[in-house]
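Visitor: I am new to this structure and would like to be guided through it step by step. Could we begin once it is in view?

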Amino acid sequence: RGTFGIFKKVADLLCAKKRDAVMFDFNRKDKCAYIYKEEPEEDSYFLGNTGREYYRFTSKELMLFFIDFFGIESEKAAYFDVEETPNEKGMFKVVPS
């Protein structure tokens with residue numbers, strides 16, 4: 001379905017709330033992604049509230065990119081770990097669990 005869940009712990013790291021925009025960068029050499037909060041742009045992913053302890057957004061294009069980039073079995077849910085310390089650009093490293 002292309003639904004991404006951003007749990008409260010990660011949202012807190014990003015200082016993100018409902019309707020804030022996030023984006024991802026990918027590093028093929030290190031086989032990882034980075035998530036960061038950004039000023040809203042046309043291609044941003046906007047966090048929606050679920051009424052629970054996480055936010056979500058839907059993007060089938062991003063889902064397909066994650067499947068290809070990380071070699072995920074497309075019929076299964078995938079979970080990722082997010083490092084708690086940002087890099088020099090303020091982005092948080094994302095790797096498969």
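Guide: This is a predicted model, and a good place to start is glycine 48, which stands opposite arginine 56 in β6.

Visitor: How many bridges join β5 to β6?

Guide: Glycine 48 stands opposite arginine 56 in β6, and β5 covers residues 48–49. The strands β5 and β6 run antiparallel, and the number of bridges that join them is 2.

Visitor: Which are the edge strands?

Guide: The open sheet is formed by 3 strands with antiparallel pairing, in the order β1-β6-β5. An edge strand here pairs on one side only, and the strands that do so are β1 and β5.

Visitor: What is the bridge partner of phenylalanine 7 in β6?

Guide: Strand β1 and strand β6 (residues 54–58) run antiparallel and are joined by 5 bridges. Phenylalanine 7 belongs to β1, which spans residues 3–7, and its bridge partner in β6 is tyrosine 54.

Visitor: Which side chains of β1 point to one face and are buried?

Guide: The side chains alternate along this strand, and Thr3, Gly5 and Phe7 point to a face where they are not buried. Buried means under 20% relative accessible area, and the residues that point to the other face and are buried are Phe4 and Ile6.

Visitor: Is glutamate 42 buried or exposed?

Guide: Glutamate 42 lies in the loop between β3 (32–38) and β4 (45–46), and together with Glu39, Glu41 and Asp43 it forms a negative surface patch. Exposed means over 50% relative accessible area; because the value for glutamate 42 is 84%, this residue is exposed.

Key: Residues numbered from 1 in each chain as written. Predicted model: local features only at pLDDT ≥ 70, side-chain atom pairs only at ≥ 80, totals over all residues. Heavy atoms only, no water. Buried < 20%, exposed > 50% of the residue type's maximum accessible area, 1.4 Å probe, protein only. Helix = DSSP H or I, 4+ residues; strand = E, 2+ residues; numbered from the N terminus. Pairing = 2+ DSSP bridges. Patch = residues over 30% accessible without salt bridge, like charges linked within 9 Å, V, L, I, M, F, W, Y side chains within 5 Å. Areas by Shrake-Rupley, 256 points an atom, 1.4 Å probe, with all protein chains shown as cover. Salt bridge = Lys/Arg side-chain N within 4 Å of Asp/Glu carboxyl O. Lys, Arg positive; Asp, Glu negative; His and termini not counted. Charge placed at Lys NZ, Arg CZ, Asp CG, Glu CD.
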